[in-house]
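Here is a friendly walk through one protein model, written for someone who likes to check geometry by eye. Keep the viewer open as you read.

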Amino acid sequence: MAECELIIAGGTVIDGAGGPRFAADIGVAEGRIVAMGDLSDQPAADRIDAAGLIVAPGFIDAHTHDDRLLFSDPTMAPKASQGVTSVVVGNCGVSLAPYVPEGDPPPPLNLLGGHDEFCFPTVAAYAEALEKSPAAINAAVLAGHTTFRAAVMDDLTRAATPDEIEAMTALLDEALAAGCVGLSTGTAYPAAAAAPTEELMALAERLGPAGAVFTTHMRDEADDVIPAIEETLDIARRAGVHVVISHHKVCGKENFGRSRETLAVIEGARAEGLDVDLDTYPYAAGSTVLLKGLVKRSKRVLITWCEPHPEMGGRDLADIMAEWDVDVNEAIARLNPAGAVYFQADEGDVQRILAFSQTMVGSDGLPHDPRPHPRLWGAFARVLGHYSRDLALFSLEEAVHRMTGVPARVFGLEGRGLIAEGAAADLVLFDAETILDRSTYEDSVQQATGIKLVMVNGQAVWRDGATTGNRPGKLIRRKD
Ligand SMILES: [Zn+2]
């Protein structure tokens with residue numbers, strides 16, 4: 001048996017594969033799990049008592065906008081505090097690299113918190129910077145289609161020309177060579193809405209042979225959600241690529257309940273043999289930049305940040321309109337650039353999508369927002385505490401599986417997402433009785449409760465509510 005540097009003793013293991021929990025000690029050496037079972041007779045330099053706690057693989061946040069946070073706050077507190085040990089960055093068409101903007105980047109690229117200090121002309125440069133200056137947790141990188149557009153086009157309101165598509169293809173090839181795990185798109189946003197399916201196809205075709213995925217914030221998540229899913233499935237079928245539908249939801253009152261339809265379509269595509277998966281965040285409200293289309297379908301809109309009127313952060317749009325005595329169009333024009341939380345979905349749909357067997361958990365948190373949607377600090381603890389334990393929507397084993405084994409498989413993160421000999425020692429120790437999110441819409445920067453210890457590559461990064469200061473995170477490159 002391999003020599004252990006550390007033994008986590010007496011815990012209850014949920015191994016991430018979806019099966020029932022079991023009692024086992026876990027031995028760690030050189031950043032990996034090297035032994036499992038009864039290790040009471042084994043010597044080890046360090047021993048952690050995990051009695052009464054669940055020992056699970058560290059969670060993988062399948063959907064993040066943490067591209068810049070890895071550098072600007074390498075403790076990665078919003079994520080490490082919930083037991084997240086790896087993040088997938090670059091979602092929704094929005095990646096920090098490869099892009100060096102002249103002036104302010106267009107929305108939604110401004111969700112990344114500024115490109116000033118952290119500008120990368122290539123994904124290789126981003127990867128190299130992260131390896132030189134690692135964060136507390138691991139990261140896998142998606143390249144963003146909207147970022148490509150901003151890098152090669154002078155006008156984002158039209159389709160790319162053949163030359164521009166060729167330039168974007170070269171950027172994608174560079175990103176794939178640098179180890180990125182896939183391409184993301186965000187055709188719901190004005191900066192990419194004019195891209196026809198064929199523009200996306202030209203890029204998607206490079207992904208399948210490279211074993212990379214295509215993730216998408218689809219064109220529509222409201223009235224036209226079904227045609228949007230059909231477009232995504234068409235890309236999967238024709239490009240032979242594994243697709244991931246991002247933060248799946250159905251928005252607008254008229255569409256409440258339609259996740260029955262969307263999930264049936266997705267299930268049908270899977271039965272047809274297409275590789276299609278999805279992620280979601282466990283809330284009925286969403287958040288992004290301030291957009292008229294989203295305001296119109298929401299029953300309530302909360303402004304989270306506002307450049308021209310910072311004092312409006314934290315206030316309801318309806319109150320601002322009343323105070324200024326203006327209509328919604330005028331209010332939006334005066335507030336932008338701004339960000340908002342949109343109360344736009346139905347709790348029944350949230351639960352139905354979460355309960356779907358292929359759904360991964362992705363926070364979609366916006367870490368540079370001064371009043372972030374509560375999902376940033378709460379998504380994982382909320383699924384474990386609120387939805388699994390309190391509402392019994394699924395077992396704790398299933399909840400952990402969707403946060404670990406499933407995303408590791410979907411994104412090809414080798415040696416992650418499972419507790420097994422040889423796997424990376426990315427681990428979380430938590431109390432199943434007390435784990436819960438505390439982050440609310442009114443007061444969102446709140447640590448979850450119940451997380452005792454978080455380890456990344458064998459080193460503790462978070463213990464009893466505080467960072468340890470260790471930064472053992474790695475860039476997880478796509479396996480070839
Ligand atoms: Zn998105």
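In this predicted model, the largest nonpolar core holds 157 residues, and the members that touch the most others are Val55, Ala139, Val141 and Cys180. Helix H14 gives the most to this core, with 7 residues. Nonpolar side chains in soluble globular proteins tend to be buried together.

Val141 is a good place to start looking. Beyond its neighbours within four places in sequence, Val141 is in contact with Val89, Gly90, Val123, Tyr126, Ala127, Cys180 and Val181. One of these partners, Cys180, is also among the four core members with the most contacts to other members.

A little further along the chain comes Gly182, which lies in strand E11, residues 182–186. Is Gly182 buried or exposed? Gly182 counts as buried because 30 other C-beta atoms lie within 10 Å, and the cut-off for that label is 20 or more. Setting aside residues up to four places away in sequence, Gly182 touches Leu142, Leu207, Ala212, Val213, Phe214 and Thr215. Ala204 is 22 residues from Gly182 in sequence, and the two C-alpha atoms are 9.1 Å apart.

**Helix H14**

What does the end-to-end span of H14 look like beside that of a straight helix? H14 covers residues 375–390, 16 residues in total, yet its end C-alpha atoms are only 18 Å apart, whereas a straight helix at 1.5 Å a residue would reach 22 Å. The helix also bends, by about 55° at Arg382.

H14 is mostly covered, with 12 of its 16 residues buried. Arg375 through Gly385 are all on the buried list, and so is Ser388. Arg382, the site of the bend, is thus one of the buried residues. The buried residues of H14 pack against strand E8 (59–61), helix H2 (77–80), strand E9 (84–89), strand E18 (359–361) and helix H15 (396–403). After the helix comes Ala392, with a positive phi near 55°.

**Backbone details worth a click**

Most residues other than glycine have a negative phi, and most peptide bonds are trans. Here are some places in the model that depart from those habits.

| Site | Feature | Value |
|---|---|---|
| Ala97 and Pro98 | cis peptide bond | omega about 0° |
| Pro107 and Pro108 | cis peptide bond | omega about 5° |
| Met76 | positive phi | near 50° |
| His247 | positive phi | near 25° |

Where do the two cis prolines sit? Pro98 is in the loop between E9 and helix H3 (123–132), and Pro108 lies in the loop between E9 and H3 as well.

The two positive-phi residues in the table are also in loops. Met76 is found between helix H1 (69–72) and H2, and His247 between strand E13 (242–245) and helix H9 (259–271). Met76 counts as buried because it has 29 C-beta neighbours inside 10 Å. His247 is buried too, because 23 other C-beta atoms lie within 10 Å.

Ser357 offers a contrasting case, in the loop between helix H13 (347–355) and E18. With 13 C-beta neighbours inside 10 Å, Ser357 counts as partly exposed. The C-alpha atoms of Ser357 and Glu267 are separated by 9.8 Å, although their positions lie 90 residues apart along the chain, counted as the distance apart.

**The whole chain**

Now zoom out. The protein has 16 helices and 22 strands, and buried residues make up 54% of its 480 residues. The C-alpha trace spans about 70 × 50 × 45 Å along its principal axes. How does the radius of gyration sit beside the value for a compact globule? The protein has 22 Å, and a compact globule of 480 residues would have a value near 23 Å, so the two agree.

Contacts reach far along the sequence. Among those between residues at least 6 apart, 76% join residues at least 24 apart.

The domain assignment gives three entries: domain 1 (4–55 + 446–467), domain 2 (58–284 + 345–411) and domain 3 (285–343). Taken over C-alpha atoms, the centres of domain 1 and domain 3 are separated by 45 Å.

Notes: Residues numbered from 1 in each chain as written. Predicted model: local features only at pLDDT ≥ 70, side-chain atom pairs only at ≥ 80, totals over all residues. Helix = DSSP H or I, 4+ residues; strand = E, 2+ residues; numbered from the N terminus. Expected span 1.5 Å × (residues − 1). Bend = angle between axes of the 7 residues up to and from the residue. Contact = placed C-beta atoms within 7 Å. Core = buried A, V, L, I, M, F, W, Y, C linked by C-beta atoms within 7 Å. Rg over C-alpha atoms; globule rule 2.2 N^0.38 Å. Domains from an automatic or database assignment.
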